[in-house]
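Morning, everyone. I'll keep this brief. Let's put the model up and go through it.

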Number of protein chains: 2
Amino acid sequence: MNIGDVARQSGVPPKTIRYYEDIGLIRPNRSENGYRAFTENHVHKLAFLGRARALGFTIEDCRTLLSLYEDENRESMQVKAVAEEHLRQIEEKIEKLQSMRTTLTDLVEKCAGDHRPDCPILADLSPVQLSE
Amino acid sequence: MNIGDVARQSGVPPKTIRYYEDIGLIRPNRSENGYRAFTENHVHKLAFLGRARALGFTIEDCRTLLSLYEDENRESMQVKAVAEEHLRQIEEKIEKLQSMRTTLTDLVEKCAGDHRPDCPILADLSPVQLSE
DNA sequence: ATTGACCCTCCAGTAACTGGAAGCCTCATA
DNA sequence: TATGAGGCTTCCAGTTACTGGAGGGTCAAT
């Protein structure tokens, strides 16, 4: 199978597939003409990677998950540990963003949004009283 | 004032201050010895930038906000527009992360996390039934 | 033989810094 | 006066995970 087929079947773009090969996530063979030659298994792995990336796992996490996926002797606690750590980081990000949202919502509400220069948003960002 | 002092007073690290000069956010003079020479105004601007960055505004947003901050003829609607657009993007990110969290929380709960290989997390990521 | 759709590699750019190397400058102390 | 610590300078590279583009082979069909 050529890269285009695999891309369609896995949902991962050709550029990204080549990149994943570069960083050693997948190792397709080569045909005589130099084209990458993929198997069904590669399609599965790429779909796996696409899904993991969509859940926000880093590439390094994906590398780990993929090796566990292929390891018949894995222990589910290993997988769970990766997922839990990732979940923690997602929750951290959510909290940070929510705090930003709270502040911004407040500022946006307070700003008249008219033709006058006075602006609570700038006032909040500014460490000193705006001159004039 | 040297860069170290400004860094302490504004809360922005020296490296970042130099970077901000590189990209034209601030323009300190130079002393005879080649050191950057900052004023109180630079401290204010940097604190402004630090706060804006903490609220998640991009550097380009910061550039816009800074120019509005310095423009006595600004209209608050210009500031508000930038903030509202940023707010929208933050809300998008939050939603995306919350959806990831929902899925991950569910998967983590379902995973035994023991010494056996069976794992609902991998099963979810995998497009096919795990063999054996 | 040519066309169009593939495929290849390599290079650069993204965002916003951060770390480090190599080398002046300055000030206080021995 | 020498020296050492700490601060300042520039420049280069690395981070994350791709993405776009240039320049150029390959293949199948007309």
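α2(A) gives the most to the surface near DNA strand D, with 4 residues. Helices here are DSSP runs (H or I, at least four residues), numbered from the N terminus. Near means that a heavy atom of the residue lies within 4 Å.

A word on the basis. This is a predicted model, where local features need pLDDT of at least 70, side-chain atom pairs count only at pLDDT 80 or more, and totals for chains, interfaces and linings use all residues. Residues are numbered from 1 along each chain as its sequence is written, chains are lettered from A and ligands numbered from 1 in the order in which they are written, and side-chain values use heavy atoms, with hydrogens and water left out.

Stay with strand D. Around DNA strand D there are 18 residues, and Lys15(A), Tyr20(A), Arg53(A), Gly4(B) and Arg36(B) come nearest. Of the strand D atoms within 4 Å of the protein, 66% belong to sugar and phosphate.

Now the polar contacts (pairs of N or O atoms within 3.5 Å). Thr16(A) places a polar side-chain atom 2.9 Å from a phosphate oxygen of DNA strand D. For Tyr20(A), a side-chain N or O atom is 2.8 Å from a phosphate oxygen of that strand. Tyr35(A) goes to a base: its side chain has an N or O atom 3.0 Å from a base nitrogen of strand D.

Next, strand C. Which element gives the largest share of the surface near DNA strand C? It is α2(B), with 4 residues. In total, 18 residues surround the strand, and the closest are Gly4(A), Arg36(A), Lys15(B), Tyr20(B) and Arg53(B). Sugar and phosphate make up 70% of the strand C atoms within 4 Å of the protein.

Gly4(A) uses its backbone: an N or O atom there lies 2.6 Å from a phosphate oxygen of DNA strand C. Tyr35(A) has a polar side-chain atom 3.5 Å from a base oxygen of strand C. With Tyr35(B), the partner is a sugar or linking oxygen of strand C, also at 3.5 Å.

Last, a helix pair. α1(A) and α3(A), residues 40-54, pack at about 45°, with axes 9 Å apart. Axes are lines fitted to C-alpha atoms over the stretch in contact, and angles run from 0 to 180 degrees between N-to-C directions. So α1(A) is oblique to α3(A); oblique means outside under 35, 65 to 115 and over 145 degrees. The contact (heavy atoms within 4.5 Å) includes Val6(A) of α1(A) and Leu46(A) of α3(A).

How values were computed:
Polar contact = N/O pair within 3.5 Å; in protein donor to acceptor, adjacent residues only side chain to side chain. Helix = DSSP H or I, 4+ residues; strand = E, 2+ residues; numbered from the N terminus.
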